Amino acid sequence: MPHVERLPVAVPLSPDIEFRPGRGLPYRARVRRTDPHTRERSSLSRSHPTHDDAQEWLDALAAQAVRGIDPATSQQTLAEYGNTNMRLALRGLEPKTTDPYLSGWKLRVTPALGHLPLTQITHGAVDRCVYAWIADGEGKSTVKNTLAVLVRVMDQALRDGLVEVNPARIRGWQWQYQQAEDELDDPRALALRRWTALRRLAGALVARSYGDFAGWGDVVVFTACTAARIGETSGVRVKDIDPVNWIWTVRRQTTPSPGGLADKRTKGKMARRVPLIEEVRPMVAARLLAVGHDPEARLFTGPKGGRITTAVLRDATHWDEVVVSLGYEHLRRHSLRHTGLTWMADAGVPLHVLRLIAGHGSLLTTQRYLHPDLQALARAGRSLSAPLSAAPALSPALAHSLRAL
C-alpha cells in the first residue's frame, strides 16, 4: 500500500493549569486534543515551579499546534526523534559515510544529549558536549562525524517545524585541536612549574566545589605526580597499587560509552608501571585504608561514589574559572599529565624510563619533555654526525676501554 502523507492540520487544544500545594513543582499544566484522523483523544502534562512557567509551556504548545504539530511530537527527546527520523535525516549519503555517523550518534550524541527534549537543545549544550569530547581525547574526524549527524537530525527537526534554528551548527571547535597540536610541539610550556603551584591549584578547586569535596584535590595531585590521564586516575583500583614498593600498575581508563561510563584498556593498549613519589604516598595510603580490602574498589570517586571523567572534574570544580583566577589561563586537565612528565624529565629520569612511564609509542614524543638546552645539544650532536656518517665507528675494544676509564 503506497504511503500517503497527511498534511498538518491545526488542531485546537484544551489547556488547563492545576495548582497542587505542597509539591516542589506545584503547577501542573495539561493539554488535551483529539486527533483529526483517528478521532482518538490524548493528553500531555508537565509540572512547573510557577504559574507563568506553566502558561509559557502551554503557549508554546498552542503555537506549534496551530502549525499542525502534535504536542506529543514537540515534546519528544532528541534520542526519540533522531531514532525515528534517522533514515530521513541521512538520506542521500553513502554507506561508508552513514556508518561513522551512526556510530557518533550511538556512542556520543545519545549518551550526552539524547535525554533532553528536542526543543531544549541549545547552542550552549552542543558547545559543551563538543569540548567534552575533545577533552576526552576523541579525534578530529570522530568529533566531525558526530557533529555532522547531529546537524542532520536537527536540520530535519527544523524542516518539521519543531525548532526555529539548528543549534548544532557551531563554529570554532577546530581551534581546540590546534591547541592540542601546539601542546605536542611544546608540552613543557603547559606544565605547572612547582609543587607549591600544584597544591595551590588543588586547594582552589576544592574550595570552588560543592561541599568543599577534598577528593577533587586528591585526583588533581595524584594525576600530576603520576603523569597520568584523568581517565586512568578514575580507573585505578586497590589491586593496582603496590604499597610496599609504591608502584601503580596502570591497567585501565574510564571513558564515556553508550549508556554511561565504562572502563576499557589504556590508550596504549598495554599496562605500564608508574612510581608513586613520597609526596603522594600518605594520601594514597589514607585512601587504601578508607576503601578497605576489596581489591576491586576504586581509589578515586566523586562525592557520591560515581566515576570521574575530565568533564566531571571540570564542571564539579569550576575548573575554567579557577585556573583563570590563578593566572593559569593555558591550563587544562591534560596539562596535569604534562606537568608530571616535565618534572620527571627535569629530575633526570632516563629517557627510555620516562617513555615507559608515559606509555608513549614513540620516543620522539617523550623527547619533547626534555629541557630545551638538552634537546639543542642532542640536535647539535646529530647534525655533526650527519656529514661524518662515512667515518669508521669505534671498535668494540676501544669502546670497552673507554667505558673502563
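## A guided tour, from the sheet to the cores

Start by selecting strand S2, residues 27-34, together with S3: the two pair in the antiparallel sense over eight bridges. Keep in mind as you go that this is a predicted model. For one rung of that pairing, pick Ala 29 in S2 and look across to Arg 46, its bridge partner in S3.

Now add S1 to the selection. The three strands make an open sheet, ordered S1-S2-S3, with antiparallel pairing. Strands S1 (14-19) and S3 (41-48) are at the edges and have a single partner strand each, so one side of each lacks a neighbour in the sheet. If you look along the sheet, the twist from one strand to the next averages 20 degrees.

Stay with S3 and select His 48, which lies in this strand. Is His 48 buried or exposed? Its relative accessibility is 9%, so His 48 counts as buried. Show its surroundings, leaving out residues up to four places away in sequence, and you will find that His 48 touches Leu 25, Pro 26, Tyr 27, Ala 29, Asp 53, Ala 54 and Trp 57. Ala 29 is the residue you have just seen bridged to Arg 46.

**Salt bridges**

The whole structure holds 17 salt bridges, and a few make good stops. Select Asp 218 and Arg 287 first; their closest N and O atoms are 3.3 Å apart. Asp 218 sits in helix H9 (residues 214-226) and Arg 287 in helix H11 (residues 281-291), so this pair ties together parts that are 69 residues apart in sequence. Arg 287 has 17% relative accessibility and therefore counts as buried.

Next, go to Glu 232 and Arg 272, a salt bridge whose closest N and O atoms are 2.8 Å apart. Here helix H10 (residues 230-235) contributes Glu 232 and strand S8 (residues 272-275) contributes Arg 272, so the pair ties together parts 40 residues apart in sequence. Glu 232 and Arg 272 are both buried.

A third stop is the salt bridge between the side chains of Asp 240 and Arg 252, at 2.5 Å from N to O. Asp 240 is in the loop between H10 and strand S4 (241-242), while Arg 252 is in strand S6 (residues 252-257), so parts twelve residues apart in sequence are tied together by the pair. Asp 240 and Arg 252 are both buried as well. Then select Arg 237, Lys 239, Asp 263, Glu 296 and Arg 298 at once: salt bridges with shared partners join these residues into one network.

**The nonpolar cores**

Which residues touch the most other members of the largest nonpolar core? Select Leu 201, Val 220, Trp 248, Val 284 and Trp 319, which do so among its 48 residues. Then colour the elements that each supply at least two residues of this core, including helix H8 (195-208), strand S5 (247-250), helix H13 (319-325), helix H14 (335-346) and helix H15 (351-358). H9 gives the largest share, seven residues.

Zoom in on Trp 319. Setting aside neighbours within four places in sequence, Trp 319 is in contact with Leu 201, Leu 205, Val 220, Leu 313, Arg 314, Leu 331, Arg 332, Arg 333 and Leu 336.

For the last stop, select Met 86, Trp 105, Trp 133 and Ala 168, which are among the 31 residues of a second, separate core.

Terms used. Residues are numbered from 1 along each chain as its sequence is written. This is a predicted model: local features need pLDDT of at least 70, side-chain atom pairs count only at pLDDT 80 or more; totals for chains, interfaces and linings use all residues. Side-chain values use heavy atoms; hydrogens and water are left out. Two strands pair if DSSP finds at least two bridges between them. Helices (H or I, at least four residues) and strands (E, at least two) are DSSP runs, numbered from the N terminus. Axes are lines fitted to C-alpha atoms, for helices over the stretch in contact, and angles run from 0 to 180 degrees between N-to-C directions. A salt bridge is a side-chain nitrogen of Lys or Arg within 4 Å of a carboxyl oxygen of Asp or Glu. Buried means under 20% relative accessible area, exposed over 50%, partly exposed in between (1.4 Å probe, protein chains only). A nonpolar core is a set of buried Ala, Val, Leu, Ile, Met, Phe, Trp, Tyr and Cys residues joined through side-chain atoms within 4.5 Å. Contact means heavy atoms within 4.5 Å.
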